[in-house]
Amino acid sequence: MDKKSIITILFALFALTALGQEISKAEATTIDYIKLLNKQGYHVLALDLSKLEKNKYLISPVIQIWSKGRMEQNMLEDFGLAYTNSAPKVTVGLMPKTDSLFVCNFQFDDVCGFTMDLPKPSVKDESDGSENTNYACRPFAIQSEWKENEVIPIAAYSSSWYDPEDKICRNCDVLEFDKDFLKSATFLYSPRIYVFGITIKKM
């Protein structure tokens with residue numbers, strides 16, 4: 001093989017390699033926007049009710065407050081709020097309001113729903129005395145079977161906690177809570193956890 005042929009082959013190989021290294025402009029997707037909104041504290045979680053016979057069940061919202069593995073308050077148990085399953089899904093929306101407040105919105109159909117402001121207590125960083133208001137939203141795995149009037153948790157919104165070993169405030173845990181959620185780091189250590197869910201009752 002002569003020198004000219006070798007050079008030609010090398011140029012061809014270089015061109016093929018260069019083709020594989022190209023980059024080009026891409027359009028941002030809906031998922032990209034959702035990730036951006038999540039980082040700013042906006043979350044929407046949905047529960048599919050389409051397998052339930054329409055308008056045959058009463059759906060009640062649940063907001064519980066937990067602290068380090070113990071439920072301290074079931075906020076709506078005395079209000080008697082209930083909505084029929086006229087729509088195929090329920091959504092829970094969370095959004096920031098101030099550094100110390102966030103907004104929770106339950107939506108049951110195009111008309112029925114309610115909004116509530118909830119406090120975000122801070123956690124003291126004992127390493128420097130600063131106040132930390134880092135909260136994380138994590139979904140629950142939804143079990144296919146359910147019992148009447150038993151809470152079906154949809155999401156947990158939890159504060160960070162101070163880790164004395166590493167001397168930092170952290171909020172690291174699983175991506176999704178399962179039925180053993182009480183063994184998770186969040187429920188063992190976080191001093192403020194809001195659990196949002198529903199109960200279902202046949203009419």
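Let me start with a term: buried means under 20% relative accessible area, exposed means over 50%, and partly exposed lies in between. Keep that in mind, because C169 has 16% relative accessibility and therefore counts as buried. One caution before we go on. This is a predicted model.

Overall shape first. The protein chain has 203 residues, and 35% of them are buried. Its radius of gyration is 25 Å, whereas a compact globule of 203 residues would be near 17 Å. The C-alpha atoms fill a box of roughly 90 × 55 × 30 Å along the principal axes.

Next, secondary structure. We have three helices and 14 strands. Now take contacts between residues at least 6 apart in sequence. Of those, 64% join residues at least 24 apart. On the outside, the chain exposes about 13,300 Å². Carbon and sulfur atoms supply 55% of that area.

Back to the cysteines. How many disulfides does the structure hold? Zero. A disulfide, remember, is a covalent bond between the sulfur atoms of two cysteines. The cut-off here is 2.5 Å between the sulfurs. Look at C112. The closest cysteine sulfur is in C104, and at 16 Å that is too far for a bond. C169 is in no disulfide either; the nearest cysteine sulfur belongs to C172, 11 Å away. What about cover? C112 has a relative accessible area of 30%, so C112 is partly exposed. C169, as I said, is buried at 16%.

On to charges. Side chains of opposite charge can pair when their charged atoms come close. The count comes to four salt bridges. I will show you three pairs, starting with D117 and K97. The closest N and O atoms of D117 and K97 are 2.5 Å apart. This pair links distant parts of the chain. D117 sits in strand β7, residues 113–119. K97 sits in strand β5, residues 89–98. The two residues are 20 apart in sequence. Are these two buried or partly exposed? D117 is partly exposed, at 36% relative accessibility. K97 is partly exposed as well, at 48%.

The other two pairs share R170. R170 meets D163 in a salt bridge, with N to O at 2.8 Å. R170 also meets D166, with N to O at 2.5 Å. So which residues make up the network? D163, D166 and R170 are linked in a network of salt bridges. Their cover varies. D163 has 15% relative accessibility, so D163 counts as buried. R170 has 21%, which makes R170 partly exposed. The 20% cut-off falls between those two values. D166 is partly exposed, at 44%.

Last stop, the nonpolar surface. Which residues make the nonpolar patch of about 250 Å²? They are L37, Y42 and M95. L37 lies in helix α2, residues 30–39. At 45% relative accessibility, L37 counts as partly exposed.

To recap. The radius of gyration is 25 Å, against near 17 Å for a compact globule of 203 residues. The structure holds zero disulfides. There are four salt bridges, and D163, D166 and R170 are linked in a network. L37, Y42 and M95 make a nonpolar surface patch. And again, the model is predicted.

Note on methods:
Residues numbered from 1 in each chain as written. Predicted model: local features only at pLDDT ≥ 70, side-chain atom pairs only at ≥ 80, totals over all residues. Heavy atoms only, no water. Patch = residues over 30% accessible without salt bridge, like charges linked within 9 Å, V, L, I, M, F, W, Y side chains within 5 Å. Areas by Shrake-Rupley, 256 points an atom, 1.4 Å probe, with all protein chains shown as cover. Salt bridge = Lys/Arg side-chain N within 4 Å of Asp/Glu carboxyl O. Helix = DSSP H or I, 4+ residues; strand = E, 2+ residues; numbered from the N terminus. Buried < 20%, exposed > 50% of the residue type's maximum accessible area, 1.4 Å probe, protein only. Rg over C-alpha atoms; globule rule 2.2 N^0.38 Å. Contact = heavy atoms within 4.5 Å.
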